[in-house]
Amino acid sequence: MGQSAGVRTTCPYCGVGCGVLAKPQPDGSVTIKADPAHPANFGRLCSKGTALGETLGLEGRLLHPHVDGRRSSWDEALSLVAQRFHSAVARHGPDSVAFYVSGQLLTEDYYAANKLMKGFLGSANIDTNSRLCMASAVAAHKRAFGADTVPGCYEDLEVADLVVVVGSNMAWCHPVLFQRLAAARERNGTQVVVIDPRRTATCEIADLHLAIAPGSDVALFSGLLAHLADSGQLDEAFIAAHTSGLDAALAEARSLSRDDIARLTGLDAADIAAFYELFAATERTVTAFSQGVNQSTAGTDKANAIINCHLATGRIGKPGAAPFSITGQPNAMGGREVGGLANMLAAHMEIGDEAHRSIVRDFWRAPGIPEQPGLKAVDLFRAVAEGRIKALWIMATNPVVSMPEADAVATAIAACPFVVVSDVVRDTDTTRLADVLLPAAAWGEKDGTVTNSERRISRQRAFRPLPGEARPDWWIVAEVARRMGFADAFAWRGPADIFAEHARLSAAGNGGTRDFDIGAYADIDDEGFAALAPFQWPARQPSLSPSLRGEGEGEGQRQTHPDEARGLPSPLRGGDGGGGRKKDRSPSPTPTPDPSPRPCGAWLRHEGGGEGCGGAVQLFSDGRFFTPDGKARFVVTPFRAPASTASAEYPLVLNTGRVRDQWHTMTRTGLSPRLNAHLSEPFVEIHPDDAADRGIADADLAEVTTTHGRVVVRALLTTRQRRGALFVPMHWNATNASLARVGALVCGATDPVSGQPEMKASVARIARFEASWHAFAVLDREPSGIETDYWVKARAKGGWRLELAGVAAPEDWTHFARGLLAAGRDGIELLAYHDAASGRYRFAAFDGDRLAGAIFIAREPVAVSRAWAASQLCEPEIEPRRRLQLLAGRPGAETKDAGAIVCACFEVGLNTIIEAVTSGGCLSVEAVGAALKAGTNCGSCRSEIARIIADRRLVKAG
Ligand code: SF4
């Protein structure tokens, strides 16, 4: 595929790692299409990926360095960072400094940060937001396999006969992978079991949903292990030849009776038995797990309890048979590979292993490699709070929103003597606390690699110029290192140099003893890096095979050094240090034949991709693992309840997670009106009976409180939620909502092995938020300085939409409305409707023929057609007759109200779909798609459409 199709790059959101074709247009916009040739997605993107082009504007970007709130030069900012980190180390020791980095970084950025901290500052205090995502899976892999090896591939999901999805709303969090699974299920009749406390969108394709009690997965899988043994389903030959430790693990598993398991999990005995029998009878089984397993104080044990069942049945290393950790972030895996976690060294080597430290020390020519692991995320910020960290550098992440006990994290960062934040966004909850702000290059501007959940390394490629003074993260780190006296070791010309160095280190002293080895790319040059096609590790071949190169011819442009791109002399050029490309091959890579992997060989039909094989590499197919004896280890996994115990004061359990169309703290997806149209307000899901007990009605505001903080969010009553449980999404923050940072509620208890915090089982209480008034508003300009008790703002086409509420009503509604809709503007005409008796007030403000804003106020949650009202901002002219209609908050009889957006791609609303189902006879997702196009592009909404159809059928039957 040539340049005309666009630049081949990779989506920056979830761990599926979909290939994207990005094509800049003459008007400055960028056309985004799915890459039909990428083996992760074969021509599909989800709603987030599809909307990438809407998130590339410079609005809100951090474009220049800042020191103490004022714009500075790069030289001043970098010199200050170098000087403060140097003086902290000199005065207080290496462990007085810390980096908190991100799975958003490219591997090359990550490599540079890790090298500076662990190789040259002499501390292991570099940890990452991936600690919040999949550290428990890493720890479980290391315990079982002797290395952080993910044994599964996406193709395994497609050739399995049974897929068990544990703790993952795959339909919303890994949508393209979910679509691949759903398509395979259609083709092959794959059985799907979903284990999740909530009945999520993923359950729409489930043959069996086990609504498990939060935190009880170990009990369920221990019972499964015992059942496999008791029913004669163990693979005795595999166990004898390739594993150790079954007896102890089995003895522990048998300590729980079926009654115990039913009590602990809250599941029906019949459902448990059905799951066990299905698993036992199905040879080709994949167990895919994600944050619901990992984000737990028993997360590592949960993952090992799953792996135990696969080892016991020999269901690993075969097509369609694997335990499979699905990562949340686009480059969580890349961070693991370079040692971005505080307890790892580079290239999957161990800090505690002197031989490994020696390899890295020699390779980097580093003055000192720490012998002890550094501080993991939760402990890192506690050390900041205790004043032990004197200089902190946060890169590409927003811990004031995403960390547990987030209010305490904010207080700690605010009190830290010196805080640096590298980011692409000017105003986040975390950048507000920085002493130094460094403008980083964003997606589409930077160049490097990422690794997805199936160990596939893909290129992210630049297709836009660097705006303002933004720079790639690796360059920023290298410049600080240079100013600290380490220029030789950071003398890279570009990301290709770093990738080659990373590849050489992965092969150094390896000889097949370590899983991560990409020595095949040790000599990659700029041209090869530009053309690099997606590949899976390990890739141990000694030289770059032509077959591993991309077939594209020119779509991967060489990324120039940012200063070269500007015609500036590069301060890094001409370096000759240990990190320089082809300057130092010491120690030489010693490529060896890979001992185990082989192609999956499964030829599959991919929609949009034709016949083809992703070339998936199957690990452990020979039954050899990376433990000293080459055997996989069963792990004893005693059941432990979550750290927090429900009480009379906090009787509920709070779960957190993602929604379909937002990513992390919304700094990018929040820019897209389309993505905001799906769920534009933070909410709490609660079972109707729990809500009734507390006098909470659907759409009321509710206050959720834990011992750590509180939020006020919209109540969403649903029987898809278990009794006794709450769910609040993780995305909203202080820049777009008054009080909705769920991280502030979450307890900081961590898994004793992985250090991953328990994000899904904090005890909580909920009460109705007693607002005396509610309002919905649309505005053509971004509102600022909102001072109501409750507010949430979201971008809409043509402006903004706003939810408001207050405890006490303003004295003068007209004054309030004018202040919101017409502040500082001349010539605004205000139209009003008042019904003081019912407490209803409506105002519409017009700037000439156009709508400047409208607000709908009521004593109860406002019932207006929000999508329609917001759409009026785009109307070039609103005639006098329609202005009164606007105050009614609904379209007239001649215009249908589409309702809340379900299909983001074609902007098809809920009401439109309901009408197609009830009046149009569309009783399948395909029929709805044929009638409305909904669900026919990215497919992210297909499970919601299925749910709407099912709900309407129930209504009809009732
Ligand atoms: Fe991006 Fe969606 Fe693919 Fe994830 S599934 S990588 S968010 S397009």
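At 14% relative accessibility, Glu685 counts as buried, a term used here for residues under 20% relative accessible area, with exposed meaning over 50% and partly exposed in between (1.4 Å probe, protein chains only). The model is a predicted one, in which local features need pLDDT of at least 70 and side-chain atom pairs count only at pLDDT 80 or more, while totals for chains, interfaces and linings use all residues. Residues are numbered from 1 along each chain as its sequence is written, and side-chain values use heavy atoms, with hydrogens and water left out. Glu685 belongs to strand 26 (residues 683-686); helices (H or I, at least four residues) and strands (E, at least two) are DSSP runs, numbered from the N terminus. Not counting residues up to four places away in sequence, Glu685 touches Arg198, Leu716, Thr718, Gln721, Ala725, Leu726 and Phe727, where contact means heavy atoms within 4.5 Å.

Helix 16 offers a good place to continue. In this helix (residues 354-364), the buried residues are His356, Arg357, Ile359, Val360, Phe363 and Trp364. They lie on the same side of helix 16 because they cover an arc of only 160 degrees around the axis, the arc being that of the directions from the helix axis to the C-beta atoms. An α-helix has 3.6 residues a turn, so residues three or four places apart point the same way. The packing partners of the buried residues of helix 16 are helix 3 (107-121) and helix 21 (495-507). At the N-terminal end, helix 16 is capped by Asp353, with a side-chain oxygen 2.8 Å from the backbone nitrogen of Ala355. Just after helix 16, Arg365 takes a positive phi of about 50 degrees.

Trp364 also leads into the interior. Among the residues that Trp364 touches, not counting those up to four places away in sequence, are Tyr111, Lys115, Phe120, Glu501 and Leu505. The largest nonpolar core (a set of buried Ala, Val, Leu, Ile, Met, Phe, Trp, Tyr and Cys residues joined through side-chain atoms within 4.5 Å) has 71 residues, and those with the most contacts inside it are Phe85, Phe99, Trp364, Trp393, Leu505 and Tyr521. The largest share of this core, 8 residues, comes from helix 3.

The loop between helix 21 and helix 22 (526-531) holds Asn510, which is buried, with a relative accessible area of 2%. A polar atom of the Asn510 side chain lies 2.9 Å from the backbone oxygen of Ser506, and the side chain of Asn510 also reaches the backbone nitrogen of Gly512 at 3.0 Å.

Some backbone geometries deserve a look, too. Most residues other than glycine have a negative phi, and most peptide bonds are trans. Ala396, although not a glycine, has a positive phi of about 60 degrees; Ala396 sits in the loop between strand 14 and helix 18 (399-402) and is partly exposed, with a relative accessible area of 23%. Arg455 has a positive phi near 65 degrees and lies in the loop between strand 17 (448-451) and strand 18 (456-460), where Arg455 is buried, with a relative accessible area of 0%. Trp537 and Pro538 are joined by a cis peptide bond, with omega about 0 degrees, and Pro538 is found in the loop between strand 19 (535-536) and helix 23 (562-565).

How values were computed:
A polar contact is a pair of N or O atoms within 3.5 Å; within protein, one must be able to donate a hydrogen and the other to accept it, and residues adjacent in sequence count only if both atoms are side-chain atoms.
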